[in-house]
Amino acid sequence: MGSGVLPAYGSGLWVGSCPCVQSLSPALMYRGLTLVLTFVFYASFHLSRKPISIVKSELHTNCSSLEKIPPNDTNSTTWCDWAPFDQANYNELFGALDNAFLVAYAIGMFISGIFGERLPLRYYLSGGMVLSGLFTSLFGLAYFWEIHVLWYYIIIQICNGLVQTTGWPSVVTCVGNWFGKGKRGLIMGIWNSHTSVGNILGSLIAGVWVSSAWGLSFIVPGIIIAIMGIVCFLFLVECECELGLDASSQPHKDPEVTLSADDGSCSRENTIDSSEYPKEPAEQPGAISFLGALRIPGVVEFSLCLLFAKLVSYTFLYWLPLYIVNVAHFSAKEAGDLSTLFDVGGILGGILAGLISDYTDGRATTCCVMLIVAAPMLFLYNHVGQNGIGSSIAMLIVCGALVNGPYALITTAVSADLGTHECLKGNAKALSTVTAIIDGTGSVGAALGPLLAGLISPTGWNNVFYMLITADILACLGLCLISQAKCLAWPAFGWVAAKERPGAVARSAGA
């Protein structure tokens, strides 16, 4: 971490040597670079998670509908299925696969934030990406190695779930370090589309090989995320603290790292380097404890809301293609392609939620309204969404926007707001821990959703959607206190900026 010089690793050399950007301020260049890199990095995480939902319908399919001729030495009706998923309880086995990943992810997320506060994020994130690529590829290699042991797939999913927890706290911390609160909702709403972009790319890439050699549906995404891990190691700049940006214009001054009391991000403050007036280095605040992060107002409420919101989102992520195959009777590839529309809606919903929450200064109220509207939309999609291709496309986009909008807002702008809350007094080391707590709690719901879908789906898909609607309502109830305080702060006519930043429950509940 040099003082007055750009870092020796890739990002400083690459950006600074580009003639087309030399006229821009260094801080602006690195801010844009960080936004683009973290977008690509986390998109690759979701790209590597998506193949399992596409491949499910190929691991267990209706063999009688295939044009292939079964082997002469078999009378089995499951001759085309991949053992051990050729059994009658295949839905429960798929649920076990999803749950192995998501439970490991949920448990690991609570620990990941603690490590993220204490380790260099560049090393931490790049190492996690390379390991994620390894375990994703190992799942696909089971096709070529002809592995039919359930425990192999379970262990791979557990390991992959643990190493993927390095991603979210790291990228949110990086973005939170570079961007203030002003338009954080809109910026992070656009940036958070990486989740849906990764899901879309993962679906399309997995769909290329799902019917021919499904192992490649995992190996190719695994290679992609591993390559992105190397790019992360070479080019990511965690924070402005690592750069001597002010020294180039004022070489006689030595930049000293301070923490902004406004948003907790790193900033520079120049002090004259004089031997006559030696200064003791400013003591850096320590990393916040787990219990200390829970005491930040609003963390518990938004965590509980995300638990149920993520339950709904991840049930769609893992089970939507199979639902489309079973109900609308599309092929595995067609179902995978159609399911990407839910993620297209997620992109629009995340941007819309961020824009509205910035304009109204009401994160919780924005989430509540979208969750309330989502409940009847989920009911309509299940009953009329499969009546035609047009209605299916429209309902998938609308449901994706309403379900993923609040989820995107909470995991990005809300987490960043809470991690730089005013009660922290400028301690920037809380952001990763707060992010991990919120997303870790949400990941418990992400684990429960696919598990419950696997258990309930044999009784009928209607019951699965009733479960999703119930979870959606519970997510809304989790934010009632914050939303009520916000609404009471609004006058009868016109929108007035009443401070309802996440964590304002303690201040505004009595308003």
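This briefing covers the overall make-up of the structure, one helix, a surface patch, two cysteines and one glycine. The model is predicted. The protein contains 19 helices and 2 strands. Of its 511 residues, 57% count as buried.

**Overall make-up**

- About 20,600 Å² of the protein is exposed, and carbon and sulfur atoms supply 67% of that area.
- Among contacts in the protein with a separation of 6 or more, 80% are between residues 24 or more positions apart.

**Helix H9**

- Helix H9 covers residues 194–209, which makes 16 residues.
- From its first C-alpha to its last, H9 reaches 23 Å, close to the 22 Å expected at 1.5 Å a residue.
- The buried residues of H9 include His 194, Thr 195, Ser 196, Gly 198, Asn 199 and Ile 200.
- Further along H9, Gly 202, Ser 203, Ile 205, Ala 206 and Gly 207 are also among the buried residues.

**A nonpolar surface patch**

- Five residues, Val 103, Ile 107, Ile 111, Phe 115 and Leu 119, form a nonpolar patch on the surface.
- Together the residues of this patch have about 440 Å² of accessible area.
- One of the patch residues, Phe 115, is located in helix H4, which runs over residues 90–118.
- Phe 115 has a relative accessible area of 45%, so it ranks as partly exposed.

**Cysteines**

- A disulfide is a covalent bond joining the sulfur atoms of two cysteines.
- A search of the whole structure finds 0 disulfides.
- Cys 305 is in no disulfide, and its nearest cysteine sulfur, in Cys 367, lies 5.7 Å away.
- Seen from Cys 367, the closest cysteine sulfur is that of Cys 305, and the 5.7 Å between them is too far for a bond, because a disulfide requires the two sulfur atoms to be within 2.5 Å.
- Cys 305 counts as buried because its relative accessibility is 1%, and the cut-off for buried is under 20%.
- Cys 367 is likewise buried, with a relative accessible area of 0%.

**Gly 127**

- Gly 127 is part of helix H5, which spans residues 121–145.
- With a relative accessibility of 31%, Gly 127 counts as partly exposed.
- Gly 127 and Cys 232 are 105 residues apart along the chain, and their C-alpha atoms are separated by 9.2 Å.

Methods: Residues are numbered from 1 along each chain as its sequence is written. This is a predicted model: local features need pLDDT of at least 70, side-chain atom pairs count only at pLDDT 80 or more; totals for chains, interfaces and linings use all residues. Side-chain values use heavy atoms; hydrogens and water are left out. Patches are made of residues with over 30% relative accessible area and no salt bridge: like charges are joined within 9 Å, nonpolar side chains (Val, Leu, Ile, Met, Phe, Trp, Tyr) within 5 Å. Accessible areas come from the Shrake-Rupley method with a 1.4 Å probe; for residues, only the protein chains shown count as cover. A salt bridge is a side-chain nitrogen of Lys or Arg within 4 Å of a carboxyl oxygen of Asp or Glu. Helices (H or I, at least four residues) and strands (E, at least two) are DSSP runs, numbered from the N terminus. Buried means under 20% relative accessible area, exposed over 50%, partly exposed in between (1.4 Å probe, protein chains only). The expected span of a helix is 1.5 Å times one less than its number of residues. Contact means heavy atoms within 4.5 Å.
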